[in-house]
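Q: Please take a close look at the loops of this chain where the backbone takes up unusual geometry, and set them against the chain as a whole.

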Amino acid sequence: MNHLKSILSSCPVALFTLFAISASAGVAAGQTYGPDAYGYYADPIPNAFLDISTTGLDVTSQLQSSPGISNQDDGSYKFNLNQTVNFYGIPYTQARVSSNGYITFSNFATDYTNDCPVGSPDNPNLNIMPFWDDLDFRTQGNIYLETQGIAPTRVRIIQWTGAGFFADPAADVTFQVVIYEASGWIEFHYQGMNGLPGDGNSATIGIEDDPRVGGAGNALEISCNTSGVLANAAFRIQRGSGTGGINGVPGSISLALGGTQALSISVGSGFAGQTCLVLGTFSGSVPGFPYGGFQIPLNIDSYFLNTVNAPGTPPLTNSFTTLDAQGMSVASFTAPPGTTPALIGYTFHHAAVVLDLSTGFPVLTWVTGAAQCALLP
Ligand SMILES: [Ca+2]
Ligand SMILES: [Ca+2]
Ligand SMILES: [Ca+2]
């Protein structure tokens, strides 16, 4: 029996209790940037600015252009991440925040001339760039740092608030980077982006590896010297594989030949013994819907409901499991040989939700990113 075919035309009525109140979420498709050669991609997400301007550590006065030389125009501050951040496969525990709108795992954190396109081998490299431009904090603006939450699900927040520009001191922009410990998500959230340069026409937005080491393709560009509406926008950068999330291999299946994608879930030992439920969609991962303090990166459709109502059944097997001591599990998404060509061009996404059932009532404790599987001829 071809379960994939039946899913396209079926729509189960009953709902798993957990999601009973969430079915009204929208299904508008967003624009996806990437993936880059390493598998990082970005999606627009709802803005959820976590303002730390009254609670965070203000490091503005500690910005330096070189050791001992204070500089609030082109300066940087080295800080502890308070979590291990895996970036292009390398773990980091420290980074530098630049007055010019980026953080870097390199030593080059004072550059005021943003490179375009993203991926230049020129320094700086190893960058997370929510808004790399020639910002200037001498007349206005502050940079704040804060860690929120409890391991293994902490978030590290780096926030540029009310920053002026070297070329336009009256303009001001406010934005932040949020790095998620367990999932590795990197999010950019923007608030007021005022004045002409606030639209990004002179800024670089994205991430890059060291292209001299990781290859020129390890670079994800969201925008480069291009005007756009950034105020109240937000982007989530994630990888379809890697620790702390869900990893789908291979990334596509031939419907003629059939095949199986292994979905490896790895969320950390802190979730050992908890229940893992893998859910799916063929309607995209953006916007998804909010539930229990998390954003589920799956749009609700008949396949989603099938994975909720009939976990562990084809085409998605071993999808309802107990996480092992390392917080890991593996599910399988299978298309049998000769699956209907009507599915060609569909991309299925799968994400795992982690549930603590120890109290007798399911409590959502974590949600992974979404792994993609493209269906090919
Ligand atoms: Ca570079
Ligand atoms: Ca500057
Ligand atoms: Ca610029």
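A: Of the contacts in the chain with a separation of 6 or more, 66% are accounted for by residues 24 or more positions apart, two residues being in contact if their C-beta atoms, placed from the backbone, lie within 7 Å. This is a predicted model, in which local features need pLDDT of at least 70 and side-chain atom pairs count only at pLDDT 80 or more, while totals for chains, interfaces and linings use all residues. Residues are numbered from 1 along each chain as its sequence is written, and chains are lettered from A and ligands numbered from 1 in the order in which they are written.

The chain holds three helices and 28 strands, these being DSSP runs numbered from the N terminus (H or I of at least four residues for helices, E of at least two for strands).

Turning to the loops, Pro124, between strand S7 (103–104) and strand S8 (127–132), follows Asn123 through a cis peptide bond with omega near 0 degrees. The bond from Val249 to Pro250 is also cis, with omega near -5 degrees, and Pro250 sits in the loop between strand S17 (246–249) and strand S18 (252–254).

Asn232, in the loop between strand S15 (219–224) and strand S16 (234–239), has a positive phi near 65 degrees without being a glycine. Asn232 counts as partly exposed because it has 13 C-beta neighbours inside 10 Å, where 20 or more other C-beta atoms within 10 Å would make a residue buried, 12 or fewer exposed, and a number in between partly exposed, with C-beta atoms placed from the backbone. Asn318, likewise not a glycine, has a positive phi of about 55 degrees and lies in the loop between strand S23 (316–317) and strand S24 (320–322); with 15 such neighbours inside 10 Å, Asn318 counts as partly exposed.
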